[in-house]
Amino acid sequence: MKIISAPDYQSMSRKAANIISAQVILFPHSVLGLATGSTPLGVYSQLAEWYKKGDIDFSKVHTVNLDEYCGLAPDHEQSYRYYMNTNFFQHVNIPLENTNVPNGLAKDIEAECKRYDHVINSLGGIDLQLLGIGHTGHIGFNEPDSDFDKTTHSVRLTQKTIDANSRFFEKPEDVPHYAITMGIKAIMQAKKILLIANGESKADILYRSLFGPITPEVPASILQLHNDLTVVADEAALKMIREKNPSAIG
């Protein structure tokens, strides 16, 4: 595990984008696992800026996203397909047919989950997986549970996650309660994992995930077992790690 400190969100975003851009420049056919939410926005903005300058080419890249809400159409403003299109894909030269997001409108969710696992496998797995971390320790929508779900699956979101997502919807009742999420197995089989975090509200869960017991009650704790994990976080998110295990920060 490598932990990289950044003074603020902008610096965190730039350092994380540097890691992704190096992956794509060195391996143009890379398969990138991508995340949504507020944390990666700065990363996608930085990558788009470098693309516009001619520093990076995404034309041969394939992507697989972690998750999607059940019941939202791809053009719904809060769907993760819409998020990816508007915040990243439309600003770089990646062919849309090379991008993959679970189908939240699938009539047969179980079949969609199996299809998505097949997509990941057919691409040869994920070369670099970008992750954020939720306040419950969830990665993707792998919520706290009694065991680690290995494959792509449907999950009922915890009330804490629903409450956190409600700020993006007009009414609380509009927030989806179910999502399709990539499983722990696909995430952990990624050759490299890049975890990003910012803000003091993430300090406790980041410490517990990286230095606490490995338990499905803190899904991100499984990342301790990955042999190529890089964490990029701002000082606020690293507050507890710096207090309890300062030597771990590079």
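Contacts across long stretches of sequence come first: in this predicted model, residues 24 or more positions apart account for 78% of the contacts in the chain with a separation of 6 or more. The secondary structure comes to 8 helices and 10 strands. The radius of gyration is 17 Å, close to the 18 Å that the globule rule gives for 250 residues, so the chain is as compact as a globular protein of that length. Here is a tour of how the pieces fit together.

**Overall picture**

- Along its principal axes, the C-alpha trace spans about 50 × 45 × 35 Å.
- Of the 250 residues of the chain, 54% count as buried.
- An unreviewed UniProt entry carries the annotation "domain: Glucosamine/galactosamine-6-phosphate isomerase", and that record places the domain at residues 31–227.
- Over residues 31–227 the chain is 28% helix and 16% strand, with the end C-alpha atoms 18 Å apart.

**The sheet of 7 strands**

- If you follow the strands across this open sheet, you meet them in the order β1-β10-β9-β6-β2-β3-β5, and the pairing is parallel.
- Its edge strands are β1 (2–6) and β5, each of which pairs on one side only.
- Despite its place at an edge, β1 is mostly covered, with 4 of its 5 residues buried.
- The partner of β1 is β10, and the two pair in the parallel sense over 5 bridges.
- Two opposite positions help you find this pairing on screen: serine 5 stands opposite alanine 233 in β10, and alanine 6 stands opposite aspartate 234 in β10.
- Helix α7 packs on the sheet, where it touches β1, β9 and β10, and its direction makes about 160 degrees with that of β10.
- Helix α4 lies across β3 and β5, running at about 150 degrees to β3.

**The sheet of 3 strands**

- Another open sheet is formed by 3 strands in the order β4-β8-β7, and here the pairing is antiparallel.
- Its edge strands, β4 and β7 (153–156), each pair on one side only.
- From one strand to the next, the twist averages 25 degrees.
- Strand β7 is joined by 4 bridges to β8 (residues 178–181), and the two run antiparallel.
- Arginine 156 is a handy marker for this pairing, as it stands opposite tyrosine 178 in β8.

**What is packed inside**

- In soluble globular proteins, nonpolar side chains tend to be buried together.
- In this chain, the largest nonpolar core has 38 residues, and those with the most contacts inside it are Met182, Leu195, Leu206 and Leu223.
- Two or more residues of this core come from each of α4 (109–122), α6 (184–188), β9 (192–197), α7 (203–211), β10 (229–234) and α8 (239–244).
- Helix α7 gives the largest share of this core, 5 residues.
- Apart from this core lies another, of 28 residues, among them Val43, Tyr44, Ala48 and Phe88.
- Leucine 195 is a good place to zoom in: leaving out residues up to four places away in sequence, leucine 195 touches Leu131, Gly132, Ile133, Leu206, Leu210, Leu223, Leu229, Thr230, Val231 and Val232.

**Helix α3 and its surroundings**

- Helix α3 covers residues 80–87, and its buried residues are Tyr80, Arg81, Tyr83, Met84 and Asn85.
- These buried residues pack against one helix, α2 (41–52), and against the strands β2 (31–34), β3 (62–65), β4 (67–69) and β5 (99–100).

**A loop residue to look at: proline 95**

- You will find proline 95 in the loop between α3 and β5.
- Proline 95 counts as partly exposed because its relative accessible area is 22%, and the buried class requires a value under 20%.
- Apart from neighbours within four places in sequence, proline 95 is in contact with Phe58 and Ser59.
- Lysine 60 is 35 residues away from proline 95 along the chain, with a separation of 8.1 Å between their C-alpha atoms.

Key
Residues are numbered from 1 along each chain as its sequence is written. This is a predicted model: local features need pLDDT of at least 70, side-chain atom pairs count only at pLDDT 80 or more; totals for chains, interfaces and linings use all residues. Side-chain values use heavy atoms; hydrogens and water are left out. UniProt positions are given in the numbering used here, feature names are shortened, and annotations may be inferred rather than shown by experiment. Buried means under 20% relative accessible area, exposed over 50%, partly exposed in between (1.4 Å probe, protein chains only). Contact means heavy atoms within 4.5 Å. A nonpolar core is a set of buried Ala, Val, Leu, Ile, Met, Phe, Trp, Tyr and Cys residues joined through side-chain atoms within 4.5 Å. Two strands pair if DSSP finds at least two bridges between them. Axes are lines fitted to C-alpha atoms, for helices over the stretch in contact, and angles run from 0 to 180 degrees between N-to-C directions. The radius of gyration is taken over C-alpha atoms; the globule rule is 2.2 Å times the number of residues to the power 0.38.
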